[in-house]
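Hello,

Here is the structure I promised to hand over. Please open it alongside this note. My findings follow below.

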Amino acid sequence: GGERIRVEHWTTAAEHGALAGTNALQAPDARERHISAPYFWSDQYELKIQAAGLPARADRLVILEQDAAGERLVMAGVRDDRLVGVVGIGAVARINWYRRQLDAGVAWDDVRAAVGADEKALGPGEL
């Protein structure tokens, strides 16, 4: 929605530092805002849990990808027919793709269609 938020994750801090350094060398009108979707991960024993965007702001969660054994999955947080966040469990190779979709503001229907056609997807969820 464009509002300012406070994100206290390592990845965001590193990105802010790099952007602040770049902006310090730019003319004021050439400086950029940090707009990357927040991202964090946690290793819980053999599982890696990752989140990007703001899934807590979703009004519904949809399982977009799930492997046949049901051990790895990606859930999308949707609000007002817009992707607002994702949570992945054991889906390490997939989350960066979703983060790029969040950064680009790709429409929810387009994200679903792209996942349905993606050979790298874990498997069908609730498309």
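Start at the hairpin of E4 and E5. It has 2 residues between the strands, and aspartate 80 there takes a positive phi near 50°. Keep in mind throughout that this is a predicted model.

Just before that turn comes arginine 79, which is placed in strand E4 (residues 73-79). Arginine 79 has a relative accessibility of 40%, so it counts as partly exposed. Leaving aside neighbours within four places in sequence, arginine 79 is in contact with Arg57, Ala58, Asp59 and Val84. Alanine 114 is 35 residues from arginine 79 along the chain, and their C-alpha atoms are separated by 19 Å.

**Overall layout**

The protein has 3 helices and 5 strands. From the N terminus on, the order is α-β-β-β-β-β-α-α. The C-alpha trace spans about 50 × 35 × 25 Å along its principal axes. Of the 127 residues, 33% are buried. Take the contacts between residues at least 6 apart in sequence: 51% of them join residues at least 24 apart.

**The sheet**

How are the strands ordered? The 5 strands form an open sheet, E1-E2-E5-E4-E3, with antiparallel pairing. E1 and strand E3 (60-66) stand at the edges; each has a single partner strand, so one side of each is left without a neighbour in the sheet. From one strand to the next, the twist averages 20°.

Now the pairings, strand by strand.

- E1 with E2: strand E1 (residues 39-44) and strand E2 (residues 47-53) are antiparallel, over 6 bridges. Tyrosine 39 stands opposite alanine 52 in E2. Serine 42 has isoleucine 49 of E2 as its bridge partner. The hairpin of E1 and E2 also has 2 residues between the strands, and tyrosine 45 takes a positive phi near 55° in it.
- E2 with E5: these strands pair in the antiparallel sense over 5 bridges. Alanine 52 stands opposite valine 86 in E5. Alanine 52 thus appears in both lists, facing tyrosine 39 and valine 86.
- E4 with E5: these strands run antiparallel and are joined by 7 bridges. Valine 74 has glycine 88 of E5 as its bridge partner.

Is E5 enclosed or open? Of its 8 residues, 6 are buried, so E5 is largely enclosed by the rest of the structure.

**Helices on the sheet**

Helix H2 (residues 92-104) lies across E1, E2, E3, E4 and strand E5 (82-89). H2 runs at about 170° to E5. Helix H3 (residues 108-117) also packs on the sheet, where it touches E3, E4 and E5. The direction of H3 makes about 20° with that of E3.

**Aromatic pairs**

How many aromatic pairs does a search of the whole structure find? The search gives 2. One is worth opening up: the ring centres of tryptophan 97 and tyrosine 98 are 4.9 Å apart and the planes stand at 85°, so the pair is edge-to-face. Tryptophan 97 and tyrosine 98 are both buried. Arginine 94 joins this group: its charged end sits over the ring of tryptophan 97, 5.7 Å from the ring centre.

**Glutamate 65**

Look next at glutamate 65, in strand E3. Buried or exposed? Glutamate 65 has a relative accessible area of 0%, so it is buried.

Which side chains does it meet through polar contacts? The side chain of arginine 94 is one, at 2.9 Å from that of glutamate 65. The side chain of tyrosine 98 is another, at 2.6 Å. Arginine 94 therefore recurs here: a polar contact joins it to glutamate 65, and its charged end sits over tryptophan 97.

Leaving aside neighbours within four places in sequence, the contacts of glutamate 65 include Arg72, Leu73 and Val74. Val115, Ala121, Leu122, Gly123 and Gly125 are also among them.

Please send me your comments once you have gone through the model.

Best wishes

Key: Residues are numbered from 1 along each chain as its sequence is written. This is a predicted model: local features need pLDDT of at least 70, side-chain atom pairs count only at pLDDT 80 or more; totals for chains, interfaces and linings use all residues. Side-chain values use heavy atoms; hydrogens and water are left out. Two strands pair if DSSP finds at least two bridges between them. Helices (H or I, at least four residues) and strands (E, at least two) are DSSP runs, numbered from the N terminus. Rings of Phe, Tyr and Trp (its six-membered ring) pair if their centres lie within 6.5 Å; planes under 30 degrees apart count as stacked, over 60 as edge-to-face and the rest as tilted. Buried means under 20% relative accessible area, exposed over 50%, partly exposed in between (1.4 Å probe, protein chains only). A charge sits over a ring if NZ of Lys or CZ of Arg is within 6 Å of the ring centre and within 35 degrees of the ring normal. Contact means heavy atoms within 4.5 Å. Axes are lines fitted to C-alpha atoms, for helices over the stretch in contact, and angles run from 0 to 180 degrees between N-to-C directions. A polar contact is a pair of N or O atoms within 3.5 Å; within protein, one must be able to donate a hydrogen and the other to accept it, and residues adjacent in sequence count only if both atoms are side-chain atoms.
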